[in-house]
Amino acid sequence: MTPPTPTDAKYRQTLRELSDELIAVQKPILILDSIKWPQHIETRFFEQGGKHLPEIDSGYYQRNNPISFSPDTKRQELSALKQKIIQRLGQTDPLGQILLTNVDQYLVVVELIAQRGTPAFLAASRELYGSAQDHLRGDQTPLIEMGKR
């Protein structure tokens, strides 16, 4: 049996269905809306030179900016989609691997949002976006040093 190719209509349809499902699952996940600070807190932060984070904990977020989706349900939906991608495309399909990578990133995004106001938020943020101590590919200078230059 030959593996499907991107020119195969059934393969393209499968990719389309899985991509559309990922779009539907991730739609309610709004990172910036989930982690934003009220205007007065943001203003105070910048007036103080951005040197001290405001004292906003997970309870603050739960009371004042609840998540618009259930993190547990979203994790389940993403995990089910991951299994569906593996079943329908296999683990070695190049385009399937891209979809799997995106699903894995959204799982981290769900964790990021679920951990707002806790130390685990930082770990999820670093996993998604990196840190100032990271290097650009092929360069040994940390990003923070590049920024200071």
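## Exercises on an all-helix chain

Buried residues (under 20% relative accessible area; exposed is over 50%, partly exposed in between, with a 1.4 Å probe and protein chains only) make up 25% of the 149 residues in the chain. The model is predicted: local features need pLDDT of at least 70, side-chain atom pairs count only at pLDDT 80 or more, and totals for chains, interfaces and linings use all residues. Residues are numbered from 1 along each chain as its sequence is written, and side-chain values use heavy atoms, with hydrogens and water left out.

**Exercise 1. Describe the chain as a whole.**

Step 1. Count the elements. The chain has 8 helices and 0 strands. Helices (H or I, at least four residues) and strands (E, at least two) are DSSP runs, numbered from the N terminus.

Step 2. Read the order. From the N terminus, the run is α-α-α-α-α-α-α-α.

Step 3. Look at the contacts, meaning heavy atoms within 4.5 Å. Take those between residues at least 6 apart in sequence: 61% join residues at least 24 apart.

Step 4. Add the surface. The accessible surface is about 10,400 Å², and 53% of that belongs to carbon and sulfur atoms. The areas come from the Shrake-Rupley method with a 1.4 Å probe; for residues, only the protein chains shown count as cover.

**Exercise 2. Check the length of helix α6, then find its packing partners.**

Step 1. Work out the expected span, which is 1.5 Å times one less than the number of residues. Helix α6 (residues 94-114) has 21 residues, so it should span 30 Å. Its end C-alpha atoms are 30 Å apart, which agrees.

Step 2. List the buried positions of α6. They are Gly96, Leu99, Leu100, Val103, Val108, Val109, Val110, Leu112 and Ile113.

Step 3. Find what they meet. The buried residues of α6 pack against α1 (9-26), α2, α5 (71-89) and α7.

Step 4. Zoom in on Gly96. At 0% relative accessibility, Gly96 counts as buried. Beyond its neighbours within four places in sequence, Gly96 is in contact with Ile85 and Leu89. The C-alpha atoms of Gly96 and Leu18 are separated by 9.1 Å, although the two are 78 residues apart along the chain.

**Exercise 3. Classify Leu32, Ser34 and Pro119 as buried or exposed.**

Step 1. Start with Leu32, in helix α2. Its relative accessibility is 66%, so Leu32 counts as exposed. Leu32 and Ile113 are 81 residues apart in sequence and 9.5 Å apart in space, C-alpha to C-alpha.

Step 2. Move to Ser34, also in helix α2. At 9% relative accessibility, Ser34 counts as buried. Not counting residues up to four places away in sequence, Ser34 touches Tyr61, Asn65, Ile113 and Arg116.

Step 3. Finish with Pro119, in helix α7. Pro119 has a relative accessible area of 74%, so it is exposed. Between Pro119 and Asp57, the sequence gap is 62 residues and the C-alpha to C-alpha distance is 9.7 Å.

**Exercise 4. Characterise the largest pocket.**

Step 1. Set the term. On a 1 Å grid over the protein atoms alone, a pocket is an open set of points where a 1.4 Å probe fits, with protein on both sides within 12 Å along at least five of seven lines. Lining residues have an atom within 4 Å of a point.

Step 2. Give the volume, the space filled by probe spheres set on the points. The largest pocket holds about 330 Å³.

Step 3. Name the lining. It has 15 residues, and Ile35, Trp37, Leu53, Tyr61 and Phe121 lie nearest the centre. The elements giving two or more residues are α2 (31-35) and α7 (119-129).
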